[in-house]
Amino acid sequence: MRIARWSRLASSFSIKGLGGLQASLARVVSASNAAARRVVSDEVRAVDRDASGFAPVDSGELVDGIVGRANGLDGEVEATARHSVFVEGGTYKDDPQPFMAPAAEASRVRFPRAAATAIGLAARSVSSGGR
């Protein structure tokens with residue numbers, strides 16, 4: 001298969017199969033975006049689960065107030081209970097009982113690996129003929 005033809009005397013060249021390459025790249029981008037969205041959604045659920053697991057339970061308000069939201073490539077997990085900041089950081093009377101920070105730290109380690117794996121698999125799947 002000849003990819004390109006060059007001529008010393010001509011100032012133009014042609015590339016055969018460029019349209020197919022562009023279509024393949026568009027499929028890779030689309031599959032990678034879909035994979036990234038899934039990873040973000042999965043990670044929001046994982047951080048929500050981790051924070052809920054790390055949170056001390058008294059009345060259950062703290063755990064019930066941990067809310068995760070994923071929107072495409074954006075995601076957040078928030079502690080909405082009024083006293084969550086005092087539990088996380090402590091007060092002059094009570095020691096800190098961190099639950100959001102350890103969940104965020106676990107995500108900092110886990111998320112890049114999960115994203116790279118999912119996006120890589122999606123790209124390889126498309127480039128090897130999958131959709």
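1. Let me start with L73, which sits in the loop between β3 and β4. This is a predicted model, so read every value below as computed from predicted coordinates. L73 comes out as partly exposed because its relative accessibility is 47%. Leaving out residues up to four places away in sequence, L73 touches N33, A36, R37 and V40. For one of these, R37, the C-alpha to C-alpha distance to L73 is 5.3 Å, with the two positions 36 residues apart in sequence.

2. Now the strands on either side of that loop. β3 covers residues 66-71 and β4 covers residues 74-79; the two run antiparallel and are joined by six bridges. If you want a register check, R69 is opposite E76 of β4. The pair makes a hairpin with two residues between the strands. Have a look at G72 in the turn, too: its phi is positive, at about 70°.

3. Stepping back to the overall layout, I count what the assignment gives: four helices and four strands. In sequence order the pattern reads β-β-α-α-β-β-α-α. The protein has 131 residues, and 24% of them are buried. As for contacts between residues at least 6 apart in sequence, 50% link residues at least 24 apart.

4. Helix α1 runs over residues 18-54, and A34 has its place there. A34 is partly exposed, because its relative accessibility is 32%. What is its C-alpha distance to I119? The two C-alpha atoms are 8.5 Å apart, while the residues are separated by 85 positions in sequence.

5. Helix α4 deserves a geometry check. Its 28 residues should span 40 Å at 1.5 Å a residue, and the end C-alpha atoms are 39 Å apart, so the two values agree. Where does α4 bend? The bend is at R110 and amounts to about 30°, with a proline, P112, following within four residues.

6. Next, what α4 buries. The list is M100, A103, S107, A115, G120, A122, A123 and V126. These buried residues pack against α1, β4 and α3, the last being residues 84-89. A103 is a handy one to click on: apart from neighbours within four places in sequence, A103 is in contact with V47, D50, A51 and F54.

7. S107 is worth its own point. It lies in α4, which spans residues 100-127. Is S107 buried or exposed? It counts as buried because its relative accessibility is 13%, below the 20% cut-off. The S107 side chain makes a polar contact of 2.8 Å with the side chain of E43. With neighbours within four places in sequence set aside, the contacts of S107 are E43, V47 and P112. P112 is also the proline that follows the α4 bend.

8. D50, in helix α1, is another polar residue to inspect. With a relative accessible area of 18%, D50 is buried, since the cut-off is under 20%. Which side chain does the D50 side chain meet in a polar contact? The partner is R110, at 3.0 Å. R110 is also where α4 bends. Again ignoring neighbours within four places in sequence, D50 is in contact with A103, A106 and R110.

9. Last, the nonpolar core. The largest one has ten residues: V47, A51, A55, L62, I66, A81, V87, F99, M100 and A103. At least two residues of this core come from α1, and at least two come from α4. Several names from the earlier points return here: V47 is in the core and is in contact with S107, while A103 is in the core and is in contact with D50. If you go through the model in a viewer, I'd put the core residues V47, A51 and A103 on screen together, as A103 is in contact with both V47 and A51.

Key
Residues are numbered from 1 along each chain as its sequence is written. This is a predicted model: local features need pLDDT of at least 70, side-chain atom pairs count only at pLDDT 80 or more; totals for chains, interfaces and linings use all residues. Side-chain values use heavy atoms; hydrogens and water are left out. Two strands pair if DSSP finds at least two bridges between them. Buried means under 20% relative accessible area, exposed over 50%, partly exposed in between (1.4 Å probe, protein chains only). A polar contact is a pair of N or O atoms within 3.5 Å; within protein, one must be able to donate a hydrogen and the other to accept it, and residues adjacent in sequence count only if both atoms are side-chain atoms. Contact means heavy atoms within 4.5 Å. The expected span of a helix is 1.5 Å times one less than its number of residues. The bend at a residue is the angle between axes fitted to the seven residues ending there and the seven starting there. A nonpolar core is a set of buried Ala, Val, Leu, Ile, Met, Phe, Trp, Tyr and Cys residues joined through side-chain atoms within 4.5 Å.
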